[in-house]
Amino acid sequence: MADKLELPTILRLGNGAPATLAVMVPEDGPDLLAFYRGIPEEDRLALREDVTQEAWLARFLAKLASGEAISIIARVAGKIQGEATLHRPLFGWSRHVAEIRLNVAPAVRRQGLGFILARHIVKIAIGAGIEKMVAHMIEWQVAARKTFERVGFHREAELPGHVRDMQGHKRDLLIYADDVSHIWASMETLVNDFRPSRAPR
Ligand SMILES: CC(C)(COP(=O)(O)OP(=O)(O)OC[C@H]1O[C@@H](n2cnc3c(N)ncnc32)[C@H](O)[C@@H]1OP(=O)(O)O)[C@@H](O)C(=O)NCCC(=O)NCCS
């Protein structure tokens with residue numbers, strides 16, 4: 001693959017805007033909180049934790065420090081506009097499995113950022129010895145379903161009534177998954193016609 005997916009890197013999104021991708025460091029914490037506080041409530045309510053709270057950030061930074069989480073942030077015009085996290089258990093029987101969580105600000109969606117963040121996370125997962133990746137989403141998260149299918153995940157399980165939506169209605173939780181090597185192969189076949197271009201330095 002021509003693109004070695006090294007970080008940090010500068011890419012041009014579909015709309016031409018340059019985006020800087022880097023592994024998150026603790027100093028990015030306040031900006032990450034600002035990013036999550038700015039995304040629409042309907043998207044935040046689909047997340048497992050209340051990511052607008054300082055307490056959440058403290059827990060997240062602790063996970064980054066322990067290696068239980070690895071995060072990539074994307075900045076556009078200096079502002080965080082996208083984030084992808086690899087959550088991996090350090091102990092126990094599923095140490096070979098990691099979960100990917102992905103969020104992109106509405107203002108820059110459909111510009112390829114979600115896909116490129118996913119590619120970087122899969123590369124990091126391979127480097128960390130992860131063999132299988134999963135992503136959780138609620139049935140109505142169409143963009144998430146389409147994005148993960150595009151990345152190479154397939155629907156592995158459906159847990160009926162497992163989560164409640166904003167109106168308190170029970171919804172199905174979809175679990176998308178695949179072996180990392182399959183996901184990587186799917187992404188490689190897509191990459192030439194899909195990836196945002198690398199910005200001139
Ligand atoms: C899911 C999400 C990360 C996608 O980010 P994005 O930057 O818009 O994704 P991309 O531009 O890379 O899109 C990748 C592909 O996914 C599909 N896709 C993305 N959004 C879509 C939508 N709203 N409807 C249909 N297909 C969609 C398309 O195939 C798209 O490629 P295309 O634009 O060339 O057709 C973003 O919509 C988001 O943050 N949603 C809320 C949070 C969430 O659901 N996270 C996932 C659960 S972990």
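Helix H5 (142–151) gives the most to the shell around the ligand, with 6 residues, where helices are DSSP runs of H or I with at least four residues, strands are runs of E with at least two, and both are numbered from the N terminus. Strand S5 (97–104), helix H4 (113–127) and strand S6 (132–138) also supply at least two residues each. A residue counts as near the ligand if its C-beta atom, placed from the backbone, lies within 6 Å of it. Of the 22 residues around the ligand, the ones that come nearest are Arg109, Gly114, Phe115, Ala143 and Ala144. Sorted by class, the shell has 10 nonpolar, 6 polar and 6 charged residues; here Ala, Val, Leu, Ile, Met, Phe, Trp, Tyr, Cys and Pro count as nonpolar, Asp, Glu, Lys and Arg as charged, and the others, Gly among them, as polar.

Before I go on, a word about the model. It is a predicted model, in which local features need pLDDT of at least 70 and side-chain atom pairs count only at pLDDT 80 or more, while totals for chains, interfaces and linings use all residues. Residues are numbered from 1 along each chain as its sequence is written.

Let me stay with one residue of that shell, glycine 114, which lies in helix H4. Is glycine 114 buried or exposed? Glycine 114 counts as buried because it has 24 C-beta neighbours inside 10 Å, and the rule is that a residue is buried with 20 or more other C-beta atoms within 10 Å of its own, exposed with 12 or fewer, and partly exposed in between, the C-beta atoms being placed from the backbone. If we leave aside its neighbours within four places in sequence, glycine 114 is in contact with Leu102, Val104 and Thr147, contact being defined as C-beta atoms, placed from the backbone, that lie within 7 Å. Its C-alpha atom is separated by 9.3 Å from that of phenylalanine 148, although the two residues are 34 residues apart along the chain.

Now the chain as a whole, which has 6 helices and 9 strands. Its radius of gyration, taken over C-alpha atoms, is 16 Å, and this agrees with the value near 17 Å for a compact globule of 201 residues, the globule rule being 2.2 Å times the number of residues to the power 0.38. Of the 201 residues, 31% count as buried. Among contacts between residues at least 6 apart in sequence, 63% join residues at least 24 apart.

What, then, is found in the core? In soluble globular proteins, nonpolar side chains tend to be buried together. The largest nonpolar core has 44 residues, of which Ile100, Leu117, Ile121, Ala125 and Met133 touch the most other members. The largest share of this core, 8 residues, comes from H4. By such a core we mean a set of buried Ala, Val, Leu, Ile, Met, Phe, Trp, Tyr and Cys residues joined through C-beta atoms within 7 Å. Alanine 125, for instance, touches Leu86, Ala98, Ile130, Met133 and Val180, not counting residues up to four places away in sequence.

Next come the strands around S3 (residues 69–76), which is mostly covered, with 6 of its 8 residues buried. Strand S2 (residues 18–23) pairs with S3 in the antiparallel sense over 5 bridges, and two strands are said to pair if DSSP finds at least two bridges between them. Threonine 20 has arginine 75 in S3 as its bridge partner. S3 also pairs with strand S4 (residues 79–87), again in the antiparallel sense, over 8 bridges, and serine 71 stands opposite threonine 85 in S4. S3 and S4 form a hairpin with 2 residues between them.

Finally, the backbone. Most residues other than glycine have a negative phi, and most peptide bonds are trans. Alanine 77, in the loop between S3 and S4, has a positive phi near 50°, and it counts as exposed because it has 9 C-beta neighbours inside 10 Å. Arginine 110, in the loop between S5 and H4, also has a positive phi, near 60°, and with 13 C-beta neighbours inside 10 Å it counts as partly exposed. Which two residues are joined by a cis peptide bond? They are leucine 7 and proline 8, with omega about 0°, and proline 8 has its place in the segment before strand S1 (9–12).

Technical notes
Two residues are in contact if their C-beta atoms, placed from the backbone, lie within 7 Å.
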